[in-house]
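Colleague: I am new to this structure and should like to understand the reasoning behind the terms applied to it. May we go through them in turn?

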Amino acid sequence: MNYRVVPYNQDIIEIISDSISNYESDLKKERLKYYSPQVCKSELNFKEFMENGQVEKFEEIFTYKIIYSMDKFNPIYNSNIKDLQDFLYFKNFNENIVYKLNNSKELMKQDMIELYNSKFSKIGQPGRTHYDRIRNLIDYCPYCQENDVKHLDHFLPKTQFPSLSVSPINLVPLCSDCNTAKKATTGFFNPYFEDVDSEQYLFCDISFQNDDYIIKFKSEQPSSWSKQKYSRVESIFTKMTKGHEILVLFNKWARTTINESKRRLVRSALRGQKDFRETLLDDYKDSVEEQGINYWKSTLYQCLLNNLEDTHKYFSSIVIQD
Ligand SMILES: [Zn+2]
């Protein structure tokens, strides 16, 4: 299997424990600790769905009824009674006082989102070390495969799936453009679990007209893929907001690449079609080796090779001025 990103292998309970280490509110700390086993279960469940390629069927299963059982000397009880009263009701239960979380689903959501925003992603906060490690898993954005990674994106939005707010496998390192353009949309492939490079889905066409050429990238469903799998890949081309249309960017980047290697390609073309083919083939192989068959540069060189005669004619006719 050839996944684009290898997951950050850190226990979610430790991530939560590190992140809450400087919380001033003991009650909040306690609550997060209580969520931990549930969060862990939810993460495992998510993983299972992802591995089976059934992400669209994943639903957050979280037992929202959380019971606090503690004796009356517990500092949480003493120091945070007002805070408790806002959310909890309690009754005597043998020697212990049992608190049931009231409106606990909403509270868990608030707690988990706040944990991500104020302790995990915020610079200088204790969970930020984990954030940075996940961000550094790869250099290039797994969606556009070109821009530098800048942010972590919630694969499933934290507002809908709060239990996965700080789960490494739900946090995908993306470039700024993809992160902004994706917003809270779902339906994309998960680069930790989906082998999207097993088949070629990215192609491009080149046509020559009046001493110039037009390059057009497109995506196609590989015959061995399910419709669902392909639609998750296709989403990177269709679901990003306008202004960051990746196929259009590929067209632009391809022209820039050709311009930048023009002198080299012309020199090779002038040595004959066989030499020219070898040059393109080397470029193609390097590109596939480095970033796979669906990297836009691989597709570009493949397209130039497929149209060898026209491409060779075009480059042979260019006059380079020294
Ligand atoms: Zn990107």
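Modeller: Certainly. The model is predicted, and a suitable place to begin is L115, which, beyond four places in sequence, is in contact with S19, I20, L32, F120, S165 and V166.

Colleague: What makes these residues contacts of L115?

Modeller: The criterion is that the C-beta atoms of the two residues lie within 7 Å. S19, I20, L32, F120, S165 and V166 are in contact with L115 on that basis.

Colleague: Which residues touch the most other members of the largest nonpolar core?

Modeller: L115 is one of them, together with I16, L115's fellow members C141, L174, C178, W296 and L300, in a core of 62 residues. At least three residues of this core come from each of domain 1 (12-182) and domain 2 (202-316). In soluble globular proteins, nonpolar side chains tend to be buried together.

Colleague: Why is R232 called buried?

Modeller: R232 has 21 C-beta neighbours inside 10 Å, and the term requires 20 or more; therefore R232 counts as buried. Of the 322 residues in the chain, 34% are buried.

Colleague: Where does R232 lie, and what does it contact?

Modeller: R232 belongs to helix α8 (residues 227-238). Beyond four places in sequence, R232 is in contact with G187, F188, F189 and E194. The C-alpha atoms of R232 and G187 are 5.4 Å apart, although 45 residues separate the two in sequence.

Colleague: How confident is the predictor in the chain?

Modeller: The average pLDDT is 87, and 86% of the residues score at least 70. Over residues 64-102, however, pLDDT stays under 50.

Terms used
Residues are numbered from 1 along each chain as its sequence is written. This is a predicted model: local features need pLDDT of at least 70, side-chain atom pairs count only at pLDDT 80 or more; totals for chains, interfaces and linings use all residues. Helices (H or I, at least four residues) and strands (E, at least two) are DSSP runs, numbered from the N terminus. A residue is buried if 20 or more other C-beta atoms lie within 10 Å of its own, exposed if 12 or fewer, and partly exposed in between; C-beta atoms are placed from the backbone. A nonpolar core is a set of buried Ala, Val, Leu, Ile, Met, Phe, Trp, Tyr and Cys residues joined through C-beta atoms within 7 Å. Domain bounds come from an automatic or database domain assignment. pLDDT is the predictor's confidence in each residue, from 0 to 100.
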